[in-house]
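Colleague: I have the model open at my bench, and I would like to know how its labels were earned. Please take me through them one by one.

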Amino acid sequence: MTVQSYIENIIAPKIQGDGGWVEFDSLSGNELTLIFRGECAKCKILNRCTDWLEGQLKADLNMDLKIKAVCIKPYFQEV
């Protein structure tokens, strides 16, 4: 399983259960860039989620990746 399919098929549904949204953006070396939307975009403790995701990637895919979180708020929250 690729990192992208793991994020889209395993992680995204779990995040959506809490009103968030995560998308695969890119993987460069050991840096995984993910886009967070929905409730995730305004979360004050997103670092806990990214730490958890890094642990899941290590446990399930045996990959030691560092996640770079990019938060994109809906246009109506940016005003």
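Modeller: Happy to! Let me begin with helices and strands: they are DSSP runs numbered from the N terminus, a helix being H or I over at least four residues and a strand being E over at least two. Keep in mind that this is a predicted model, where local features need pLDDT of at least 70 and side-chain atom pairs count only at pLDDT 80 or more, while totals for chains, interfaces and linings use all residues. Residues are numbered from 1 along each chain as its sequence is written, and side-chain values use heavy atoms, with hydrogens and water left out.

Colleague: What makes α1 a helix with the span you would expect?

Modeller: α1 has 14 residues, and a helix needs at least four. The expected span is 1.5 Å times one less than the number of residues, which comes to 20 Å for α1. From first C-alpha to last, α1 reaches 18 Å, close to that value.

Colleague: Where in α1 is there a kink, and how do you know?

Modeller: A bend is the angle between axes fitted to the seven residues ending at a residue and the seven starting there. At Ile10 that gives a kink of about 35 degrees, shortly before the proline Pro13.

Colleague: Why is Ser5 called buried or exposed?

Modeller: The cut-offs are under 20% relative accessible area for buried, over 50% for exposed, and partly exposed in between, with a 1.4 Å probe and protein chains only. Ser5, in helix α1, has 19%, so Ser5 is buried. Other buried residues of α1 include Val3, Tyr6, Ile7, Ile11, Ala12 and Ile15. The C-alpha atoms of Ser5 and Lys58 are 15 Å apart, with their positions 53 residues apart along the chain.

Colleague: What does that rule make of Ile35?

Modeller: Ile35 sits in strand β2 and has 11% relative accessibility, so Ile35 counts as buried. Its C-alpha atom is separated from that of Cys71 by 5.9 Å, though the two are 36 residues apart along the chain.

Colleague: How is Asn62 classed, and what about its phi?

Modeller: Asn62 has 61% relative accessibility, so Asn62 counts as exposed. Asn62 lies in the loop between α2 and β3, and has a positive phi of about 55 degrees although it is not a glycine.

Colleague: And where does Asp51 fall?

Modeller: Asp51, in helix α2, has a relative accessible area of 44%, so Asp51 is partly exposed.

Colleague: How many salt bridges are there, and what makes a pair count as one?

Modeller: The rule asks for a side-chain nitrogen of Lys or Arg within 4 Å of a carboxyl oxygen of Asp or Glu, and the count comes to three. Glu23 and Arg37 qualify, as their closest N and O atoms are 2.9 Å apart. That pair links distant parts of the chain, with Glu23 in strand β1 (residues 20-28) and Arg37 in strand β2 (residues 31-38), 14 residues apart. Glu23 is partly exposed at 25%, and Arg37 is partly exposed at 29%.

Colleague: Why do Lys42 and Glu39 qualify?

Modeller: Their side chains meet at 3.5 Å, N to O, and the limit is 4 Å. Lys42 is partly exposed at 39%, and Glu39 is partly exposed at 40%.

Colleague: What about Glu54 and Lys66?

Modeller: They meet at 3.7 Å, N to O, in a salt bridge. Glu54 lies in helix α2 and Lys66 in strand β3 (residues 66-71), so the pair ties together parts twelve residues apart in sequence. At 16% Glu54 counts as buried, whereas Lys66, at 48%, is partly exposed.

Colleague: Finally, what makes something a pocket rather than a cavity?

Modeller: On a 1 Å grid over the protein atoms alone, a cavity is a set of points where a 1.4 Å probe fits but cannot get out, while a pocket is an open set with protein on both sides within 12 Å along at least five of seven lines. The largest pocket holds about 170 Å³ of space, a volume being the space filled by probe spheres set on the points, which are joined across faces, edges and corners.

Colleague: Which residues line the largest pocket, and which element gives the most?

Modeller: A lining residue has an atom within 4 Å of a point. Among those lining the largest pocket are Lys14, Asp18, Gly20, Cys40, Cys43 and Trp52. The elements giving two or more residues are α1 (3-16) and α2 (46-61), and α2 gives the most, with four residues.

Colleague: How does that lining divide by residue type?

Modeller: Into seven nonpolar, one polar and four charged residues. Here Ala, Val, Leu, Ile, Met, Phe, Trp, Tyr, Cys and Pro count as nonpolar, Asp, Glu, Lys and Arg as charged, and the others, Gly among them, as polar.
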